[in-house]
Amino acid sequence: MSMLNMLHRAGILARTSLTYKLDSPRAVAFSLTHCSKEESANQNDNSSAETLDTPKVEARPVISVETSIEYMNSDAYKQTYGDEPVWKPYKRNHKGMFPPKKTRRTCIRGGNISTGNPCPICRDEYLVLDHRNIKLLDQFINKYNGEVLSYSKTNICQKRHKELLVALIKAKDCGTITFDLPIRQYDYSEWKPTNN
């Protein structure tokens with residue numbers, strides 16, 4: 001808004017029949033707030049008309065699980081990650097010499113990546129954590145004892161780690177991931193009393 005327009009509005013306000021005398025700073029401040037309210041009301045009217053006409057576009061496309069499984073078996077995946085897990089080449093940025101104990105809460109806010117160095121799952125939109133995507137879930141399981149790898153080792157964000165745990169539980173319930181239960185040999189004679 002130009003300065004002449006503000007002064008013109010201040011003059012109009014001063015000439016109106018007010019019960020108190022307006023000083024010039026108060027008049028300019030009043031005209032600025034009044035004009036900003038009018039402009040915001042006009043913008044809201046225009047934006048509401050635009051939202052009715054055009055649908056909202058998401059920032060990140062939603063990839064299906066089937067597309068993710070095809071991507072895991074494609075040459076593009078092999079060229080990007082090779083034979084290593086997706087979290088292996090990732091380097092986490094942090095302040096100071098020692099990394100924080102927990103990773104960030106989430107990398108994606110409002111459909112957009114909110115950090116400069118997103119976690120290994122959030123940076124590649126074709127990696128979908130689902131109980132049917134077995135090849136991806138196997139990368140987060142320790143091959144020696146069958147436990148889930150910690151987020152401090154894999155460096156995935158807290159939100160994706162929770163999704164990973166849910167997907168692993170579903171996969172174990174559906175039987176798509178096999179796991180061995182530890183077999184323990186007990187000596188029951190220690191607890192069973194002997195009858196003499």
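## Helix α8 and its surroundings

The buried residues of α8 are Q158, R160, H161, L164, A167, L168 and A171. That's a good way into this model, which is predicted. The protein chain has 196 residues, and 29% of them count as buried. Let's start with the helix and then look at the salt bridges and the surface.

**Getting to know α8**
- Helix α8 covers residues 158-174.
- With its 17 residues, α8 reaches 24 Å from the first C-alpha to the last, close to the 24 Å expected at 1.5 Å a residue.
- So what covers the buried residues of α8? The cover includes β1 (108-109), α5 (120-123), α6 (134-137) and α7 (151-154).
- Right after α8 comes G175, and its phi is positive, near 85 degrees.

**Zooming in on H161**
- H161 sits in α8 and has a relative accessible area of 10%, so it counts as buried.
- Leaving out residues up to four places away in sequence, H161 touches V148, L149, Y151 and I156.

**Salt bridges**
- Searching the whole structure turns up three salt bridges.
- One is inside α8: R160 pairs with E163, and their closest N and O atoms are 2.9 Å apart.
- R160 and E163 are three residues apart, which is about one turn of the helix.
- R160 is buried, at 18% relative accessible area, while E163 is partly exposed, at 29%.
- Another salt bridge joins the side chains of R132 and E66, at 3.5 Å from N to O. This pair ties together distant parts of the chain: R132 is in the loop between α5 and α6, E66 is in helix α3 (residues 65-72), and they are 66 residues apart.
- R132 also meets D130 in a salt bridge, at 3.0 Å from N to O, and so E66, D130 and R132 are linked in a network.
- Buried or exposed, what is D130? D130 is buried, with a relative accessible area of 16%. R132 is partly exposed at 41%, and E66 is partly exposed at 45%.

**Out on the surface**
- Y186, Y188 and W191 make up a nonpolar surface patch, with about 440 Å² of accessible area together.
- Y188 lies in the segment after α8 and is exposed, with a relative accessible area of 58%.
- The accessible surface of the protein chain comes to about 15,000 Å², and 53% of that belongs to carbon and sulfur atoms.

**The whole chain**
- The secondary structure adds up to eight helices and two strands, running α-α-α-α-β-β-α-α-α-α from the N terminus on.
- Among contacts between residues at least 6 apart in sequence, 64% join residues at least 24 apart.

Conventions. Residues are numbered from 1 along each chain as its sequence is written. This is a predicted model: local features need pLDDT of at least 70, side-chain atom pairs count only at pLDDT 80 or more; totals for chains, interfaces and linings use all residues. Side-chain values use heavy atoms; hydrogens and water are left out. Helices (H or I, at least four residues) and strands (E, at least two) are DSSP runs, numbered from the N terminus. Buried means under 20% relative accessible area, exposed over 50%, partly exposed in between (1.4 Å probe, protein chains only). Contact means heavy atoms within 4.5 Å. The expected span of a helix is 1.5 Å times one less than its number of residues. Patches are made of residues with over 30% relative accessible area and no salt bridge: like charges are joined within 9 Å, nonpolar side chains (Val, Leu, Ile, Met, Phe, Trp, Tyr) within 5 Å. Accessible areas come from the Shrake-Rupley method with a 1.4 Å probe; for residues, only the protein chains shown count as cover. A salt bridge is a side-chain nitrogen of Lys or Arg within 4 Å of a carboxyl oxygen of Asp or Glu.
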